[in-house]
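Visitor: Please take me through one part of this model at close range. I would like to start with a single charged pair and then see what lies around the rest of the fold.

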Amino acid sequence: MIYILGNYRKNSRFIYFIVNLLRFCIPGFFYRVRRIWLLSRCKGDAATRLKLRADYYCKLDQLTQLSPSAKPFRFRIFTEHGRNYQFDLGQYMRYWKRNYPIQYRFNDDTHLSEFPIFTKARVIEGDVRNLVVINMDKVRHFDFVHDRTPYQSKNNLAVWRGPAYQPWRVEFVNRWFGHPRCDIGRTDKNSDGIHQRKQRLSIADQLKYKFVVSIEGGDVATNLKWIMSSNSLCFMTRPTKETWFMEGLLKPDHHYVMLKNDSSDLLEKMDYYLAHEKEALAIIDNAHKWVAQFQNPRDEEIVSLLVSQKYFKMTGSI
């Protein structure tokens, strides 16, 4: 579900839509047989590794009651609300009996829940046992790149583009907009930030810079995945929310360069990694290794099955 444009490999929404429509034309019996086959072949070290991921996404550790409003998932194509979420959740619900009740969120909400619920994102801190992460809206969020430009050949500047609706994004733009060592600008149309607006930059254009800043938005930072798959260095504060990418397990100054919450050390960190190129390259290599675990389609399928299987076990359906 990708196309290649120079350095940039992007998810194709058209192909994603067609593939998912065709997937729903296949009888559910096929998926249930495939589930048994996949899980039976998952053994040894691979099984241990994938189960650890599944247990991270689904932290339910005892039989837990579902909400009275929980009901079996039904896909509805003629709706604009949550269509991508429906495709992604429905992809894995088809591996199970149609009458298993579930509860889910089709938005950026990360708040705690009284009952077990499938969600795209959750907070990192707190009792998140009822927030079961599944990879939803992945055509937008799981966007990786094939970056052919080495780190050493990139511009020695920091770049960021995006809408600045959240206070922390506004603060970041206020601090660094117009600085000669940064290419920072907001892309929203709010009148209070009109003087800080800049034209959108494609991912290919942002990859020309050594340092790409990632800032959380409504939930997680959408650009984090493609930055960490590139040959640029990811700068960000410690994440407060996580998705299928397991942002809560990322190690500061190992997978990314950690900034202070007010980003006041941005120039200091830029100077350090310009002077310590080997350390910058080591972080980029660690980021690539992290990304690699999400790029095996069969592993992703198995982990998703293990997550949904645990959800159904812990809520009494199986």
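Guide: Arg105 is buried, at a relative accessible area of 10%. The cut-off is under 20%, so Arg105 falls on the buried side. This is a predicted model, and the values here are computed from it. Arg105 has a salt-bridge partner in Asp109, with the closest N and O atoms 3.8 Å apart. Asp109 is partly exposed, at 27% relative accessible area. The pair therefore joins a buried arginine to a partly exposed aspartate.

Now take Arg186 and Asp188. They also form a salt bridge, and here the closest N and O atoms are 2.9 Å apart. Arg186 counts as buried, at 2% relative accessibility. Asp188 is buried too, with a relative accessible area of 2%.

A third pair sits in a helix. Lys51 and Asp55 both belong to helix 3, residues 44-57. They are 4 residues apart, about one turn of the helix. Their side chains meet in a salt bridge of 2.8 Å, N to O. Lys51 is partly exposed at 46%. Asp55 is partly exposed at 24%. The pair is also part of a network of salt bridges that links Lys51, Asp55 and Lys310. The salt-bridge count for the model comes to 22.

Arg186 leads on to the sheet. Strand 9 spans 182-186. The open sheet has 5 strands, in the order 9-8-10-11-13, with parallel pairing. Strand 9 and strand 13 (257-258) stand at the edges. Each has a single partner strand, so one side of each is left without a neighbour in the sheet.

Move inward to strand 8, residues 155-162, and strand 10, residues 209-213. They run parallel and are joined by 3 bridges. Asn155 stands opposite Tyr209 of strand 10. Strand 10 is mostly covered, with 5 of its 5 residues buried.

Strand 10 also pairs with strand 11, residues 233-236. Again the two run parallel, over 3 bridges. Phe211 faces Leu233 across this pairing. Val212 stands opposite Cys234.

Strand 11 is covered on both faces. Leu233 and Phe235 are buried on one side. Cys234 and Met236 are buried on the other. In a regular strand, side chains alternate between the two faces of the sheet. From strand 11 the sheet continues to strand 13, in the parallel sense, over 2 bridges. Met236 has Met258 of strand 13 as its bridge partner.

Last, the surface. Phe14, Ile15, Ile18 and Leu22 make a nonpolar surface patch of about 390 Å². Leu22 lies in helix 1, residues 13-23. Leu22 is exposed, with a relative accessible area of 54%.

A patch of positive charge gathers Lys71, Arg74, Arg76 and Arg98 on the surface. Arg98 lies in the loop between helix 4 (83-93) and strand 4 (101-102). At 58% relative accessibility, Arg98 counts as exposed. Set that beside the starting point: Arg98 is exposed, whereas Arg105 is buried.

Technical notes:
Residues are numbered from 1 along each chain as its sequence is written. This is a predicted model: local features need pLDDT of at least 70, side-chain atom pairs count only at pLDDT 80 or more; totals for chains, interfaces and linings use all residues. Side-chain values use heavy atoms; hydrogens and water are left out. Two strands pair if DSSP finds at least two bridges between them. Patches are made of residues with over 30% relative accessible area and no salt bridge: like charges are joined within 9 Å, nonpolar side chains (Val, Leu, Ile, Met, Phe, Trp, Tyr) within 5 Å. Accessible areas come from the Shrake-Rupley method with a 1.4 Å probe; for residues, only the protein chains shown count as cover. A salt bridge is a side-chain nitrogen of Lys or Arg within 4 Å of a carboxyl oxygen of Asp or Glu. Lys and Arg count as positive and Asp and Glu as negative; His and the chain ends are not counted. The place of a charge is taken as NZ of Lys, CZ of Arg, CG of Asp or CD of Glu. Buried means under 20% relative accessible area, exposed over 50%, partly exposed in between (1.4 Å probe, protein chains only).
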